[in-house]
Amino acid sequence: MKRFLGFVNKEFLHIFRDVRTLIILFGIPVLQILLFGFVVSTDLKNAQVAFLDLSQDEMTQKISDKICSSGFFRRSETLLSYNDIDKVLRKNKTKAVIVFEKDFGRNLISEGKATISIITDGSEPNMATLITNYVTGIVTSFNMELAGTQAAGTFLVQPEVRMFYNPSLKGHFMFVPGVITLILIIICALMTSVTITREKEFGTMEVLLVSPLKPFQIILGKVIPYFLLSFINVILILLLSWFVFGLPVKGSLVLLLAESMLYILMSLTLGILISTVSKTMQQAIFISLVGMMLPTILLSGFIFPIENMPAGYGWVAALMPPKYFIIIIKNIMIKGTGFLYVWKETLILILFTLAFTGLSIRNFKIRLQ
Amino acid sequence: MQKIIEARGICKKFGKTQALKDISFEVSEGEIFGFIGPDGAGKTTLFRIIATLLIPDEGTMEVMGLDSVSGYRELRKNIGYMPGRFSLYQDLSVEENLNFYATVFGTTLKENYDLIADIYSHIEPFKKRLAGKLSGGMKQKLALSCALIHKPGLLILDEPTTGVDAVSRAEFWGMLRNLRQHNITIIVSTPYMDEAMKCDRVALIQAGRILSVNQPDKIREQFTRKLFSVQAPEKYKLIHALRSYPGTVTAYPFGDSVHVTFRSDEFDNSLYEYLRGMGITNVVIHETRAGIEDRFLELMEKGTTAIDRG
């Protein structure tokens, strides 16, 4: 036991002495959470729009005020003619131009319909779609108000679809579970596989093998520090998402932490497995990053819904352990459901862990090749 | 005296390369046993087999009464192994490295301090320094301290002096000598022929075969011919001239002179004339005692001619 603790102690020394390791361990998760939360956010916030009001009446004034006071948009310029539209969009600051037709108010009252054109910058398709959706949404609600006060007609506007799925309009809700899943598997798998192959590469494994340490002690000694640090990471990410994005854990925190531990353990055993098949650190990094990160992002349902994938991909996705953890964590964090709803996924993660452990033990070399 | 290592008919192949061929030797307790041979001779492979890190294809390796394949678990407790590459943790300090290996082997620095005191005292002033920042000689002393920390019965040193300066090398061998009082058997490999003289017995190894095993002095005596040392200002020219001289058997550079053997084991004035004809003057020739290297080259020469014929 003393031997083993000595080994664990050595691992901690390695980690705390290497600035790069520390950055990967703690810097990257924090950075990723903030990046995904703020930058990759799919929300609109103060997007600049210009107005071209050819009618200049009470109605157009009301609508543009409503758009600007929504918090999503900010008036950048007021245009005078159609010719200015191209100019203003080319400047790249204004994301969209909203055009009221001539005699907008009069048409609305007399004919029951009037037209607003939303001209967006198509070179940023995501932004363009978002803006059209939001503006039509605002116009619809204006329409409802109008219908409530006056008996007069309806606008020709399309219903806004986005709001149904994300009513609070917060993108972070989707990203925090995804980022936790991604970060944990990358850090755990990458770090353990690298630290074990590092011993191989520097020749220290040779000396460790010619010592009374048993293989499982070497492996466990490698795993324990990363297990603890990754767990701290989870807590760090949860705190961040709570304080920075105001995202609380709806379900049981204990259950969430327990599931996280299971997932960390699984990722670590995967890292060990990677280390047993790679001879150099480069190989280990390559397998961890290309083999883990891409599939996690693309196939785990983190960004692209698995339901939308072609049948074959769905099967591949089923082999991705992160997929199950994302389901678990979304259930607990966002929906607030209990263990009864995630026991299947939990069981699958346990099976993955056992399989990886078994394969690693089988593959671990007690000698050189 | 008790046998610490008994190797019988060890063969090892890597793919198509025959790394070791029919290696047999014995090492007695308390000996410093050297393996002398060029790079690629198979020294490292042989040491890894002794250290239980590789399994021989054929033959048996018995170390301290245990089979190195089946008894590896027991053996690993009692072996001190220092691989050819510097294999300590560069990001740990001298002290941390030492303490780590001590705990891994279930002992403490204090417990065996007297054993390594002679070596460790050289680097103790730098015990807070990271191992990666030590000089070559100090790294080697640290590695030796780490290999010794658990008082192993057998110390396996794979080219410990490669890449170390001459002064540190001499110191190092002095330390190995001192270790004999602790009854530790040492096997050591080196590509440097001059270090062979410091071993109790040496095995000359080349291309996976052992050419000869004996005490260093006996190996020198086994040299079959009379050996002459030839000196002249232009050494490079001299070697070529000597090799083209009809009476020469072998001519090898040796320090600032050339070691030459002649067919008749004698030379006469015709040699001086021949050299003068080649434009070499001020030639000094005297008979000399063969070194390990001379014997090694002679054995190699025999080996290759044998292969040529067969």
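In this predicted model, A:Gly338 touches A:Gly251, A:Ser252 and A:Leu255, once residues up to four places away in sequence are left out of the count. The glycine is found in the loop of chain A that lies between helix H14 (321-335) and helix H15 (343-363). Its surroundings hold 13 other C-beta atoms within 10 Å, and A:Gly338 is therefore classed as partly exposed, since that class covers residues between the limit of 12 or fewer for exposed and that of 20 or more for buried. Along the chain, A:Gly338 and A:Ile328 are ten residues apart, and their C-alpha atoms are separated by 9.5 Å.

Turning to the contact between the chains, 23 residues of chain B are in contact with 21 residues of chain A. On the side of chain B that touches chain A, the elements that give two or more residues are strand S6 (79-82) and H3 of chain B, and of these H3(B) gives the most, with four residues. By class, the residues on this side of chain B divide into 13 nonpolar, four polar and six charged.

Strand S6(B) is also paired within its own chain, where four bridges join S6(B) to strand S7 (residues 154-157) of chain B, the two strands running parallel. One of the residues involved is B:Gly80, whose bridge partner in S7(B) is B:Leu155. The residues of S6(B) point in two opposite directions, as set out below.

| Direction from S6(B) | Residues | Burial |
|---|---|---|
| One way | B:Ile79 and B:Tyr81 | buried |
| The other way | B:Gly80 and B:Met82 | buried |

Helix H3(B), spanning residues 94-104, also packs within chain B, where its axis and that of helix H5 (residues 136-148) come within 8 Å and cross at roughly 20°. The two helices are therefore roughly parallel to each other, because angles under 35 degrees are counted in that way, and the crossing of H3(B) and H5(B) is right-handed. In this packing, B:Val94, B:Asn97, B:Leu98 and B:Tyr101 of H3(B) meet B:Leu142, B:Ser145 and B:Cys146 of H5(B). The contact of H3(B) with H5(B) comprises five nonpolar and two polar residues, with no charged residues, whereas the side of chain B that touches chain A includes six charged residues.

Conventions
Residues are numbered from 1 along each chain as its sequence is written. Chains are lettered from A and ligands numbered from 1 in the order in which they are written. This is a predicted model: local features need pLDDT of at least 70, side-chain atom pairs count only at pLDDT 80 or more; totals for chains, interfaces and linings use all residues. Axes are lines fitted to C-alpha atoms, for helices over the stretch in contact, and angles run from 0 to 180 degrees between N-to-C directions. Angles under 35 degrees count as roughly parallel, over 145 as roughly antiparallel, 65 to 115 as roughly perpendicular and the rest as oblique. A crossing is left-handed if the near helix is turned anticlockwise from the far one by less than a right angle, and right-handed if clockwise. Two residues are in contact if their C-beta atoms, placed from the backbone, lie within 7 Å. Ala, Val, Leu, Ile, Met, Phe, Trp, Tyr, Cys and Pro count as nonpolar, Asp, Glu, Lys and Arg as charged, and the others, Gly among them, as polar. Two strands pair if DSSP finds at least two bridges between them.
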